[in-house]
Amino acid sequence: MSSEIGEVDVLRQQVQYYRARATEYDDWFLRLGRYDRGEDATRRWFEQVEEVRHALRGCPLDGKNVLELASGTGIWTEELSNRAAHLTAVDASSEMIALNRERLGGRVERVTFIEADLFEWAPTREFDAVVFCFWISHIPVRRIDEFLTSVAKMLVPGGTVFFLDARKEHTGTAADHVLPSSDEEVMTRRLDDGREFTIIKNFWNAAALEDKCRRVGLDIRIHETADYFQFGVGTRR
Ligand code: SAM
């Protein structure tokens, strides 16, 4: 990691950042304020969100026991909770969990929320599917093999994996954010009030990540939309 501060401090700041950002988080997904990069970019963004949603709808999640890692404000929890027999959602931020619960309304009964640090947490049971959206990019490169191994362990044989993250496209983030260069894995993120945090942000080469998944028993096919998203769909061998 090329940063003046160590990995443990960055991971701590990453949690603080998302806790502080919780109430303004959805502006990014909805392309509002600093994330509004013009009409054309917004149109392309939502067209590509639709492609991703279509792929997620094609995954066998109906009536299954599903685990969502880093569930955030619930942008994806909403759909998962509609389809799963039961959903377990893990996030380190109580602020994010509170907003997620609010979004789910009555569906919250089908969801167990766990407030935990994903670099320490491990489930006590296996799941039919594991889903993580905009999480894999926040894992330090040196911890990625460990993370993928843990995902394989969380799944029953034949279980489903779906993940989604950002492609390296500057209009995907806020106008005042600079994406890390190819030899860096940290970037500075700003909140609307100007507070700054250093976080991990990695953009994976699809083939390299598929290979890493394969080595730990996850057969994943990674797809990319035209500008904004990279998503992986597959199964535990
Ligand atoms: N999945 C949601 C989505 O797609 O909108 C949220 C993704 S957001 C980019 C990253 C999430 O990871 C935040 O909700 C944040 O609170 C959570 N997070 C950050 N560090 C974490 C950690 N160490 N353990 C668990 N969750 C963490």
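This briefing covers the sheet, the helices that pack on it, one helix–helix contact and the aromatic pairs. The model is predicted. Its sheet is open and consists of 7 strands with mixed pairing. Helices H3 and H7 both have a place against this sheet: H3 touches S5 and S9, and H7 lies across S5, S8 and S9.

**Sheet**

- The strand order is S3-S2-S1-S4-S5-S9-S8.
- Strand S3 (111–115) and strand S8 (218–224) are the edge strands, each pairing on one side only.
- On average, neighbouring strands of the sheet are turned by 15° against each other, with direction ignored.
- In a regular strand, side chains alternate between the two faces of the sheet.

**Pairing around S9**

- Strand S9 (residues 229–236) pairs with strand S5 (residues 155–166) in the antiparallel sense, over 7 bridges.
- Within this pairing, Phe229 of S9 is the bridge partner of Ala166.
- S9 also runs antiparallel to S8, and 7 bridges join these two strands.
- Here Gln230 in S9 stands opposite Glu224.
- S8 and S9 form a hairpin, with 4 residues between the strands.

**Helices on the sheet**

- Helix H3 (residues 39–57) packs on the sheet through S5 and S9, and its direction makes about 5° with that of S9.
- With an angle under 35 degrees counting as roughly parallel, H3 is therefore roughly parallel to S9.
- Helix H7 (residues 206–215) runs at about 165° to S8.
- Angles over 145 degrees count as roughly antiparallel, so H7 is roughly antiparallel to S8.

**Contact of H6 with H7**

- The axes of helix H6 (residues 144–154) and H7 come within 9 Å and cross at roughly 55°.
- This crossing angle makes H6 oblique to H7.
- The crossing of H6 past H7 is right-handed.
- H6 contributes Ile144, Asp145 and Leu148 to the contact, while H7 contributes Leu209, Lys212 and Cys213.
- By class, the contact has 4 nonpolar and 2 charged residues, and no polar ones.

**Aromatic pairs**

- The structure holds 18 aromatic pairs.
- One of the pairs is formed by Phe29 and Phe46, with 6.5 Å centre to centre and 90° between the planes, an edge-to-face arrangement.
- This pair links distant parts of the chain: Phe29 lies in helix H2 (residues 26–30) and Phe46 in helix H3, 17 residues apart.
- Helix H3 thus appears twice in this briefing, as it holds Phe46 and also packs on the sheet.

Key. Residues are numbered from 1 along each chain as its sequence is written. This is a predicted model: local features need pLDDT of at least 70, side-chain atom pairs count only at pLDDT 80 or more; totals for chains, interfaces and linings use all residues. Side-chain values use heavy atoms; hydrogens and water are left out. Two strands pair if DSSP finds at least two bridges between them. Axes are lines fitted to C-alpha atoms, for helices over the stretch in contact, and angles run from 0 to 180 degrees between N-to-C directions. Contact means heavy atoms within 4.5 Å. Angles under 35 degrees count as roughly parallel, over 145 as roughly antiparallel, 65 to 115 as roughly perpendicular and the rest as oblique. A crossing is left-handed if the near helix is turned anticlockwise from the far one by less than a right angle, and right-handed if clockwise. Ala, Val, Leu, Ile, Met, Phe, Trp, Tyr, Cys and Pro count as nonpolar, Asp, Glu, Lys and Arg as charged, and the others, Gly among them, as polar. Rings of Phe, Tyr and Trp (its six-membered ring) pair if their centres lie within 6.5 Å; planes under 30 degrees apart count as stacked, over 60 as edge-to-face and the rest as tilted.
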